[in-house]
Amino acid sequence: MKLDRVEIGKLHDLLGMGGEILISSHMRPDPDAIGSVLALREMVETFGGRPVCILEDDCPTRCLSLPGAKEIRTARELGQVSQYSRVIVVDSGSRTRIGIVEQFIATDALVANLDHHISNTRFGAINLVDTDAAASGELLFDLCHELQVKVTKSLATNMLAGVLTDTGRFRHSNTSPRSLQIAAELVEAGADISALTEQLYYAIPEEDVRATGRILDTLQMHANGRISTMHVPVRDSVEDPDNIIDIGRAINGVEVAVLLSEMKDGRIRASLRSNSYVNVSEIAAAFGGGGHERAAGFRMSGTIESVERRLLPRLEAALTKAIAPN
Ligand SMILES: [Mn+2]
């Protein structure tokens, strides 16, 4: 997808204004969110601005070695709320997905929305949304070229973190020739793909491995083996649940994998993955969430069991609809 020239121009103007610019991304940030925030931080500095990176939740430990990660603040640790009139939100399908950080956005703020989710609500005054991009990191790479920002080693590392993880290490169906070309250029620009993979995937805390064993034990199959579900009680929450839902999705015959997790606030987070034909973004949207065709999610109050009881019929209907001959 070609990025809109007018919107790029408007982002260029925003970056050129200098001064403080708030950069944020979604709650429970993943490496694409963190890497993109950090890449934008460097881009803002290149333009002479002062980036302020604030997220609702802590940077996951596996992302702490990304260049600049220590500069990210959580809304909680800041305590006092300052209001920013220039804001960039990245990798977030809607404004509410940044959570409590919304309080830091002044009412008349100029907000740029940079994202790749199909469910993106175009909430910015500036909207650069490329739903063909596998990761926000890809979108930012294109932006670097449009804005003539030199891709340094640190920029390349932060953007590659997003491309690497949002494509599931180049295995998911969103992996395009462009994803691979961009990854190659990022490696050429100095990103160490091997070191990055080690940090992001091979540094799992021991307690998370043990919790994974208990979560796998909750596996149940539905709809003649086409749906798998697993449950995560709050005491077993792990930093990177993608690894677990990937196992549910890898079971022979499964089309949709579901991971239902209890959150600290008592609500349930549902993560949905599909293999080849069910659009889980539509199903997540029906429950007030969103995402991509093959990876989506939503949050809802209730118990794991009550959410599962409401979700399963929807999934079964989607399976039937997708399979039924025209
Ligand atoms: Mn992303």
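How many of the 11 residues of H4 are buried? Eight of them are, which leaves H4 mostly covered. The legends below describe close-up views of a predicted model.

**View 1. Helix H4 and what covers it.**
The buried residues of H4 are Ser136, Gly137, Glu138, Leu139, Leu140, Phe141, Leu143 and Cys144. They pack against two kinds of element: the helices H2, H5 and H6, and the strands S4, S5 and S6. After H4 comes glutamine 148, which has a positive phi near 55°.

**View 2. The packing of helix H4 on helix H5.**
Two packed helices are described by the angle between their axes and the distance between the axes. For H4 (residues 136-146) and H5 (residues 153-166), the angle is about 145° and the axes are 7 Å apart. On the H4 side, the contact is made by Ser136, Gly137, Glu138, Leu140, Phe141 and Cys144. H5 supplies Leu155, Met159, Leu160, Ala161, Gly162 and Val163. Sorted by class, the residues of this contact are eight nonpolar, three polar and one charged.

**View 3. The parallel sheet.**
Six strands make up this open sheet, and their order is S3-S2-S1-S4-S5-S6, with parallel pairing. Which strands stand at the edges? They are S3 (73-74) and S6 (126-129); each has a single partner strand, so one side of each lacks a neighbour in the sheet. S5 (residues 105-115) is joined to S6 by four bridges, in the parallel sense. S4 and S5 also run parallel, and six bridges join them.

**View 4. Residues facing one another across S4, S5 and S6.**
Valine 89 stands opposite asparagine 113 in S5. Asparagine 113 in turn stands opposite asparagine 127 in S6. Leucine 114 has leucine 128 of S6 opposite it.

**View 5. Helix H1 on the parallel sheet.**
H1 (residues 5-16) packs on the sheet and touches S4 (84-90), S5 and S6. The directions of H1 and S6 make an angle of about 120°. H1 has 12 residues, and the distance from its first C-alpha to its last is 16 Å, close to the 16 Å expected at 1.5 Å a residue. Glycine 18 follows H1 and has a positive phi, near 70°.

**View 6. The two faces of helix H1.**
An α-helix has 3.6 residues a turn, so residues three or four places apart point the same way. Which residues of H1 are buried? They are Leu11, Leu14 and Leu15. These residues cover an arc of only 95° around the axis, which puts them on the same side of H1. Among the elements that cover them are H2 (31-46), S4, S5 and S6. The face turned away from the buried side carries exposed residues: Arg5, Val6, Gly9, Asp13 and Gly16.

**View 7. Aspartate 91, a residue with positive phi.**
Aspartate 91 is not a glycine, yet its phi is positive, about 60°. Where does aspartate 91 lie? It is in the loop between S4 and S5. Aspartate 91 has 29 other C-beta atoms within 10 Å; the cut-off for a buried residue is 20 or more, so aspartate 91 is buried.

**View 8. Phenylalanine 170, another residue with positive phi.**
Phenylalanine 170, also a residue other than glycine, has a phi near 65°. It lies in the loop between H5 and H6 (177-188). With 13 other C-beta atoms within 10 Å, phenylalanine 170 is partly exposed.

**View 9. The mixed sheet.**
This open sheet also has six strands, in the order S7-S8-S9-S10-S12-S11, and its pairing is mixed. The edge strands are S7 (220-222) and S11 (290-291); each has a single partner strand, so one side of each is left without a neighbour in the sheet. S11 pairs with S12 (residues 295-300) over two bridges, in the antiparallel sense. Glycine 291 has alanine 296 of S12 as its bridge partner.

**View 10. Helix H9 across the mixed sheet.**
Which strands does H9 (residues 242-250) lie across? H9 lies across S8 (227-232), S9 (256-262) and S10 (268-274). It runs at about 145° to S9.

Definitions and conventions: Residues are numbered from 1 along each chain as its sequence is written. This is a predicted model: local features need pLDDT of at least 70, side-chain atom pairs count only at pLDDT 80 or more; totals for chains, interfaces and linings use all residues. Two strands pair if DSSP finds at least two bridges between them. Two residues are in contact if their C-beta atoms, placed from the backbone, lie within 7 Å. Axes are lines fitted to C-alpha atoms, for helices over the stretch in contact, and angles run from 0 to 180 degrees between N-to-C directions. The expected span of a helix is 1.5 Å times one less than its number of residues. A residue is buried if 20 or more other C-beta atoms lie within 10 Å of its own, exposed if 12 or fewer, and partly exposed in between; C-beta atoms are placed from the backbone. The arc is that of the directions from the helix axis to the C-beta atoms. Ala, Val, Leu, Ile, Met, Phe, Trp, Tyr, Cys and Pro count as nonpolar, Asp, Glu, Lys and Arg as charged, and the others, Gly among them, as polar.
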